[in-house]
Amino acid sequence: MSIWFEKFLNLLFPPKCPLCRKRVREHEFCEACRRNFPQKSIQRSLPIVKKEKKLRTVCVVPYEGAYRKAVQRFKFSNKKVYGYAMTKVMAEASADLKMKFDAICFVPISKKRKRQRGYNQSELLAALIGKSLTVPVLPLLIKVRENEIQHELPAEKRVENVKNVFAAKGTAKGLKLLLIDDILTTGATLSACTEELFRAGADEVCGLCFADTSRSKAMR
Ligand SMILES: [Zn+2]
């Protein structure tokens, strides 16, 4: 999008803070909301079934309250513009992983779901993070089987539900990869994707999401 067209759109639809809906100059979180962000990113180390390695993940906020509402509007109410604000803080938080990445990849959705929703929210986040970190985005993963929607299942069924659902296409040989998704819940999806990336030859995989449910009381 050209900068003039973007300015024109901003005049027509003034950007609002995704959390408090106050008007802001650019698509970002307002200063007051930024001050309320957790001081430290939420870090986890997730087990991977077929590897001795662990998957280190970094998330920016807990999945609750206004953060949760903003993610839901981004994901289900076509508020794609929220991706700008979300990825700005995600790109900053990626520094906590202390790794130089060769490429960025994202959790895929099926063609059918992409058609229904119009976009893959993780792909959108990955594209913007790639731009801001100047790291190429590689669509290394595909969804080979439609499964039940993860967040509608109890935790104990989620590992089973993502089995043989994802596959890596092409090679990821020797690459240090940053894997993007919007929400981190049990980690079953990210772990399944990571295993496929290791199978395709990846050297290292770390996860980066906007929100983490493990700190949210509502999701426990
Ligand atoms: Zn705000």
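How far apart are the closest N and O atoms in the salt bridge that Arg199 forms with Glu196? They are 2.6 Å apart, a salt bridge being a side-chain nitrogen of Lys or Arg within 4 Å of a carboxyl oxygen of Asp or Glu. The model is predicted: local features need pLDDT of at least 70, side-chain atom pairs count only at pLDDT 80 or more, and totals for chains, interfaces and linings use all residues. Residues are numbered from 1 along each chain as its sequence is written, and side-chain values use heavy atoms, with hydrogens and water left out.

**Salt bridges**

The whole structure holds 11 salt bridges. Three of them are set out here.

| Pair | Closest N to O distance |
|---|---|
| Arg113 and Glu146 | 3.5 Å |
| Lys163 and Glu160 | 3.4 Å |
| Arg199 and Glu196 | 2.6 Å |

Arg113 lies in helix H5 and Glu146 in the loop between strand E4 (141–143) and helix H7 (155–161), so their salt bridge ties together parts that are 33 residues apart in sequence. Helices (H or I, at least four residues) and strands (E, at least two) are DSSP runs, numbered from the N terminus. Arg113 is buried at 16% relative accessibility, while Glu146, at 35%, is partly exposed. Here buried means under 20% relative accessible area, exposed over 50%, and partly exposed in between (1.4 Å probe, protein chains only).

For the second pair, Lys163 is partly exposed, with a relative accessible area of 43%, and Glu160 is exposed at 51%.

Both partners of the third pair, Arg199 and Glu196, belong to helix H8, where they sit three residues apart, about one turn of the helix. Arg199 is exposed at 52%, whereas Glu196 is buried at 14%. Elsewhere, Arg113, Lys143 and Glu146 are joined into one network by salt bridges that share partners.

**The largest pocket**

The volume of the largest pocket is about 640 Å³. A pocket is an open set of points on a 1 Å grid over the protein atoms alone, where a 1.4 Å probe fits, with protein on both sides within 12 Å along at least five of seven lines. Its volume is the space filled by probe spheres set on the points, which are joined across faces, edges and corners.

The lining of the largest pocket comprises 33 residues, and Lys75, Ile149, Gln150, His151 and Thr189 lie nearest the centre; lining residues have an atom within 4 Å of a point. At least two lining residues come from each of helix H3 (65–76), helix H5 (111–117), strand E6 (176–184) and helix H8 (188–199).
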